[in-house]
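Here is a quick tour of one protein model, with an eye on where to trust it and how it packs. Have a look at the structure, then read on.

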Amino acid sequence: MALRLVADFDLGKDVLPWLRAQRAASEASGAGSGGADVLENDYESLHVLNVERNGNIIYTYKDDKGNVIFGLYDCQTRQNELLYIFEKDLQVFSCSVNSERTLLAASLVQSTKEGKRNELQPGSKCLTLLVEIHPVNNVKVLKAVDSYIWVQFLYPHVESHPLPENHLLLISEEKYIEQFRIHVTQEDGNRVLIKNSGHLPRDRIAEDFVWAQWDMSEQRLYYIDLKKSRSILKCIQFYADESYNLMFEVPLDVSLSNSGFKLVNFGCDYHQDREKLSKHLTLCVFTNRTGSLCVCYSPKCASWEQITYSVFYIHKGHSKTFTTSLENVGSHVTKGITFLNLDYYVAVYLPGHFFHLLNVQHPDLICHSLFLTGNNEMIDTLPHCPLQSLSGSLVLDCCSGKLYRVLLSQSSLLQLLQNTRLDCEKMAALHCALYCGQGTRFLEGQIIQWISENVSACHSFDLIQEFIIASSYWSVYSETSNVDKLLPHSSVLTWNTEIPGITLVTEDIALPFMKKTGKRRSTAYVRNILDNAIKVISNLEARNLAPRLTPLLQEEDSHQRLLMGLMVSELKDHFLRHLQGVEKKKIEQMVLDYISKLLDLICHILETSWRRHNLHSCVLHFNSRGSAAEFAVFHIMTRILEATKSLFLPLPPGFHTLHTILGVQCLPLHNLLHCIDSGVLLLTETAVVRLMKDLDNTEKNEKLKFSIILRLPPLIGQKICRLWDHPMSSNIISRNHVTRLLQNYKKQPRNSMIDKSSFSVEFLPLNYFIEILTDIESSNQALYPFEGDDNVDAEFVEEAALKHTTMLLGL
C-alpha cells in the first residue's frame, strides 16, 4: 500500500486498561466504584474529545451512575491523568485544557432521558463551563444558550514558563467567534484561581462566517465569510504576547451558500451522521513548514459516477480541478473524499476507487503526483472509516478512538517504480520514494541498482538526470524551509502527456497579501575558487570512508575543480541573498553538502555499475580491446555525462579520464573521434599521457595518436608532443614553434654577421627562412621563450622540415 498508518494512540490499549486498573484499586480499597468506575459495556461511552497542540489527548466517558468523567493522556510520558468529574448526566461534545492543565473548558448538552432538564440553567440546551482543576475549585458558566458552542484554548509557542493569562476561543453555531482572556493567580502553593472570574475580558474575533478551521500547530484560525455570495478565506494568527492579526484574505471559487455551518479540527465530532457526511462537501486547509498553503475542496456529490475535487495552491497562485470517473459505481459508498495532510504531499482518496498523492510543494507538473485507480493493492488497504487530518501527518479516527501517523511506504513505491510501465508513475514514484528516504544510502543504493539495469526505461525524461537532481535536493531539504525556492527539484520543465484516468483544469487565482519580516544580509562574494573545490572534495571524502573501486577523485582535473568552485560561490551567494536570518556557517555547510551529494551520487552510480560488471583496475591500461562489461560501463558513463552536461553540473575529478580510456578501448577510431568532436568525450592530459606511453608506434596506433593530438588544446598538445618520440611529433613541435615566432614578426634589417657555417644544406629558400628564424631567436628570446623546451631552435626546425619534406617526397 502507498500509505502506512502507524498507531500513536489507541483508546482500547492506552486508556481502557488504566481505567480498569483504577476501578480495581478503588474496589480493593473499599471505596466503591467511585468516579473511575468503568464496566465492559461502558467502553461505548469512551470517546476522544480533542488533541491539543502539545499532542495530549482529552477523552471522556461515563461511569455506571452516568457521571461525566474527563481524562487526559500525556503523549510524552504515556500516562493517563484524571482531570475532572462532572456529576451530572450530560453529553460532552467539546472540550479543551490549557497547557498547564489548570483550567478545563467544556461544552455539554443536557440529557433528554426521562425528560430531565439542566438544573443549573433551566431552558438552555448547551452549557459551556470553565473549571479550575488544580485543585478542583470553582466552576464558571461562560455560556448557557440554545446553540452549540465549541471551545479551544490557545497554546503559545513559547511554553518555557506559565503565562499569567490564558486565552480561550469560543465558536458559536450562531456564526461568531470570541476570545476570552482569563487571568490566573497562584495561592497556597500550587492552587490556581481565576482572577476577576465575574467579568472576563473578551474580544470578537470573527462573525458572519459559514466555515472555520483550527490549525493547532501554527495557532491559526481560518474562516470563510460570504460577501455578496463570494467566498473569502481569511486567516488570523495568534501570538504568545496576547496579540493576533489578520494574516491574509483571498477569494475562493467554492460554493458554500447552501452548505450550512461546518467546523474543522475543533475537537472530534463523532455524533455526525456518516451516511449524510458521504455526500456533503469537504473543505480543509493544509500548510507545512516550507510555507505551502493549500485549500482542498470537494463539492456536494449528486451521484457517484464522477468525482470532482479541487486544490487551491495559494502559495503558487493557481488552482487545479481534477475529475475522475469511478469504477464499480454500483457499490455502496459510505463516505466522501478524504484529504490527508502529509506535509510535502496531500493524499486524496476514496477507498476501493482511487488514490491521488498530490505534490503540493511543486504542483506545476502533474507527473510529480501519483494517481492510482481501481482495485490496486496500494489503495485497498486504506481505512474505510472517516479520518480527521491533524498537523504533522497525524490523523484521528474518531469512531475507534485511534490516532495514526501517516507514512508513505518506501517498499510499495519502489515496487511501483520497478513494475509500472507509465513514465508519469515512474516519475512520481521516484520523487515519493526519495521524499521518504531523504538521502538514506540504502534507499539510494536500491534505486541506483535499478537504474543501472534499466537506464533506458523512461522515454519522457532522463532517468539518471532526474535521480541526481531529485536526490541532491532531498539531501538538503530539511536544512531550511526555503530550499524548494532555491534549488531545482526536477530536471523536467514541461509535461504535456495526459495521466490515464483523470482530467485536469488549471486556473489562475489571486495571490494573497502576506506579511514577511527580516533584514537582508549583505555578504562578500567568495572568490577563492580552487579552495572551494578542495572543501567540496574533502567533504565528499568525509561522507564516504569506504575505498572506491573506480579511480575517481585522484587527479587534479582543473576544469572540474573550477566548475565545482564556481558552483560553490554562486550557490552560496544565492542562498545568502534569500535565506534571511540563517547563519553564514550553516549556509556554507549546506552548499558543501549539496554539491558533495551531487558528486557522491555520480560516484555511487558508477561504483554500482563497476561492481555489477566485475571490473578491475586493469581497465586503466591500453593493452586490449574493450570487453562487453567495459562497454556497458562506458555506456552508463555516457548517460551520466548527458544527464549532467545540460544542467552544467560538475563531475568527480577523474571521470573524463576514465571515460576517455574506456572510449579508446571500446570504440572504433571513427566513432571515437566523432565522440571527441561532439563533446561526448573530453580529452584530459592524464588520459592522453597514458595513451602516448602505453601504446607502441604501430601504424594503427600512430593514426590514433596523431588524431588525438590534433584535437588537443594548444597548451596541452605542446606538452604531449614532447612525450611522443616520432617524426610527426617533431613536425608538430616545429610548426607550433615557428607559428609563435612569426606571430608578431616585423621585418628588420638583416644581420649580415650571422654565422652560416651551421647550415648543412645549401637550399636557398630554406636557408633564408632559417636565417630569419635565427635572427628572431637571437634578438627576441626574452619575448618569445618556448616554455619547458630549450632544444627547440632554428636547427631543430631545419631538421624537422627536411625530414618532413623527405617523407612527403617518398625519399
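Which elements of the protein have the lowest and the highest mean pLDDT? Helix H2 (residues 274–277) sits at the bottom with 48, while strand S10 (residues 149–153) tops the list at 94. This matters since the model is a predicted one. Averaged over the protein, pLDDT comes to 78, and 75% of the residues score at least 70.

Two stretches deserve some caution:

| Stretch | pLDDT | Contacts in the model beyond near neighbours in sequence |
|---|---|---|
| Residues 114–118 | under 50 | 7 contacts |
| Residues 517–527 | below 50 | 18 contacts |

Where pLDDT is low, the predicted coordinates should not be read in detail.

Now for the overall picture. The protein has 811 residues, 54% of them buried, and its secondary structure comes to 20 helices and 31 strands. Of the contacts with a separation of 6 or more, 59% link residues 24 or more positions apart. The exposed surface is about 38000 Å², with 51% supplied by carbon and sulfur atoms.

On to the nonpolar cores. The largest one counts 139 residues, and Tyr-309 and Ile-595 touch the most other members. Helix H11 (residues 584–612) is the top contributor to this core, giving 14 residues. A second core, separate from that one, holds 74 residues, among them Ile-133, Leu-168, Phe-209 and Tyr-223. In soluble globular proteins, nonpolar side chains tend to be buried together.

What does Tyr-309 touch beyond its neighbours within four places in sequence? Its contacts include the aromatic residues Tyr-297, Phe-322, Phe-339, Phe-354 and Phe-371, as well as Ser-298, Lys-320, His-356 and Ile-502.

H11 turns up again around helix H12 (residues 628–645). The buried residues of H12 include Val-633, Phe-634, Ile-636, Met-637, Ile-640 and Leu-641, but also Glu-630 and Arg-639. Their cover includes H11, along with helix H6 (441–453), helix H7 (463–476) and helix H13 (655–666). The geometry of H12 checks out too: 18 residues at 1.5 Å a residue should span 26 Å, and the end C-alpha atoms are 25 Å apart, which agrees.

Finally, is Leu-486 buried or exposed? Leu-486 belongs to helix H8 (residues 483–486). Its relative accessibility is 10%, so Leu-486 counts as buried, the cut-off being under 20%. Beyond residues up to four places away in sequence, Leu-486 touches His-574, Phe-575, His-578 and Leu-579. Tyr-473 lies 13 residues from Leu-486 in sequence, with 9.8 Å between their C-alpha atoms.

Definitions and conventions. Residues are numbered from 1 along each chain as its sequence is written. This is a predicted model: local features need pLDDT of at least 70, side-chain atom pairs count only at pLDDT 80 or more; totals for chains, interfaces and linings use all residues. Side-chain values use heavy atoms; hydrogens and water are left out. Helices (H or I, at least four residues) and strands (E, at least two) are DSSP runs, numbered from the N terminus. Buried means under 20% relative accessible area, exposed over 50%, partly exposed in between (1.4 Å probe, protein chains only). Contact means heavy atoms within 4.5 Å. Accessible areas come from the Shrake-Rupley method with a 1.4 Å probe; for residues, only the protein chains shown count as cover. A nonpolar core is a set of buried Ala, Val, Leu, Ile, Met, Phe, Trp, Tyr and Cys residues joined through side-chain atoms within 4.5 Å. The expected span of a helix is 1.5 Å times one less than its number of residues. pLDDT is the predictor's confidence in each residue, from 0 to 100.
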